[in-house]
Amino acid sequence: MSDLLQVRDLHVTFVTPDRTVHAVNGVSFDLKRGETLGILGESGSGKSVTLRSILRLHPEHRTRWSGSIRLEGDEVLDMAPRALGDLRGGRVAMIFQEPATAFDPVFTIGQQITETIRKHTGKSETEAWKRARELLELVRIPSPAQRLKAYPHEMSGGMRQRAMIALALSCNPSLLLADEPTTALDATVQIQVLLLIRELQREFDLGVIFVTHDIGVAVEVSDRIGVMYAGKIVELAPVEQMVDAPQHPYSRGLLASTVHDGMRGQRLEAIPGAPPDLAEIPTACSFAPRCRFVQSPCLAAPPDLRVRSDGHLVRCVLAAA
Amino acid sequence: MDSALPIADRGGPAQPLLLAKDLRKHFPVGGGLLGRGRKVVRAVDDLTISVAKGETLGVVGESGCGKSTVARLLIRLLRPDRGTLVLDGDPVDEPHGITVNELRRQVQMVFQDSYASLNPRLTIGETLAFAPKAHGLPAAEARARTRDLLAQVGLDPESYAERYPHELSGGQRQRVNIARALALRPRLVILDEAVSALDKSVEAQVLNMLVDLKSELGLTYVFISHDLNVVQYLSDRVLVMYLGKIVELGPVEAIYGNPLHPYTRALLSARPSMDPRKRTHEAPIQGDPPNPIDPPSGCRFRTRCPFAEDVCAAGEPLLTETPAQSVACHMRRPGSGHSKAAAA
């Protein structure tokens, strides 16, 4: 199966008169159709910046890019504005953490979905409304015809997120980008939305990149998980390998410090310290100041991504081949 | 009042540290001219809670269930519509009881938003010394107290006392908020989503610290969170809320090991599994929690409950004692008329 998306050595730097932030420092990965890649990281790790780069959503005049993002062979970083417009919401769709702010409050859900359908497919008004109604049925919103006439504030959080998924799927994208789509939802609603995304992904053979800070959520939806730290993927592996045998000290620390069943009374293995400031390009392993296993090579140069025999990728000098 | 000294226990270990009886708080919303047709959010409805000395009481529930309103009622940031608060035998804000100020000396609170909780124009040292000074501690002693507090929460006093909140990371700011809550040597600390905004690796540091402080200082916690795993980790007893009502209350082992209320069961099985081989295949319940304006009649959970029958719409289920826990469900009350209930 050929790759849907190829990201190679992506660097993203934000430059303002007073500050420079090296948000993404050399990220590479591939994604196939029908595959879900979970990107796991803490705030400031560069996971959302990586995701938004795929649609080039960052402000053009303040962002410096290098590397390559190829979607079905087309280079996103070289795309003209018109081609980008076709890409966004057409071939690539995105869903966000807060559907209440992602929708425009002064238009109904139906107006917003039909606008997208008409722009990308040139369908007539009537056809677009018919399609919008089918989409709401698809994401299992009850009484879809009435819901199309509702404004975003008239819906509950879970319904709004379903409506946003309907909007995202309206033009048959091949790639769905999900930026913490269930973080703002209640627990009993979160699981419903996760199951819906998983089901739609299978039904439409979508490639999905799912960004989250929640390991449990990443495990629930992903085929592979990439762990990001300080703008780099430090480990990338199939979900079973990542859960059973994380290799990078940061991934191990993250798993060990996540509270789950049966940890009552035990002391948590917290990672000391805090993530680094990204004002400088890292000249050593970014995790070294917090790492228990730090050695002199860690401080000499940023470690390369090593490929283990089972395909597991680890950016650590300690990782065995 | 000498705020330098911790407050001695009064009623003995069996007397609840804080007892809240029949607390009710309704918020009016909208409404037409002269308040006609006004609706109310029934945020907390006739809730009775007792917090035992030295325990951690976890409070869980989804958004809109009233858990934060409970926190604010317990420290009197909100005045209840009805109900009483009793702190170690002393009624609060009543003729023969203690004042609200005294309550707030003994009960302190830590909020979710670490940045909004700190005055941006005061240094960390000034923030921490503020309450002790206000309660009459001389400036020099307040400064010494500040240094102790910073050391207690794992921040170097030399380098942090002179800094401003914006110079700190989220985890460091939340440590400062915990230190601020401890400045008056309280007996009860209410933690309202206090670790929810922190990254996991930092959350673990703060949770370890909360466990240490509790045993060092003999504190009692009310720990409010939407994160069931963290509540399980920290709590001795757990209270589950749904739309302003207690649905289940009991020791942590009973609530997590043998939940009796259908809502508690749904909440627990909605947790992601952490095991890719045991993924969830079906959501335990459908739909969102209803709007707390106009909650369903009878049992408020009945609109999402797979076992709902006519009796659930007719009458509100009372909190019923079972051997291990208390639960508000018609199925668990003998003679309630529900087909799954035992005979009376």
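**Domain interface in chain B: legends to close-up views**

**View 1. The two domains of chain B.** In this predicted model, chain B is split into domain 1 (15-121 + 179-288) and domain 2 (122-163), with bounds from an automatic or database domain assignment. Taken over C-alpha atoms, the centres of domain 1 of chain B and domain 2 of chain B are 27 Å apart. Their contact (heavy atoms within 4.5 Å) involves 15 residues from domain 1 of chain B and twelve residues from domain 2 of chain B.

**View 2. Area buried between the domains.** Domain 1 of chain B and domain 2 of chain B bury about 1200 Å² between them, with 67% of it on carbon and sulfur atoms. Buried area is the accessible area (1.4 Å probe) that two parts lose on being put together, summed over both. Ala179(B), Ala183(B) and Leu184(B) contribute 36% of the area that domain 1 of chain B buries against domain 2 of chain B, more than any other three residues.

**View 3. Polar and charged pairs across the interface.** Between domain 1 of chain B and domain 2 of chain B, the rule finds zero salt bridges; a salt bridge is a side-chain nitrogen of Lys or Arg within 4 Å of a carboxyl oxygen of Asp or Glu.

**Notes.** Residues are numbered from 1 along each chain as its sequence is written, and chains are lettered from A and ligands numbered from 1 in the order in which they are written. Local features need pLDDT of at least 70, side-chain atom pairs count only at pLDDT 80 or more, and totals for chains, interfaces and linings use all residues, while side-chain values use heavy atoms, leaving out hydrogens and water.
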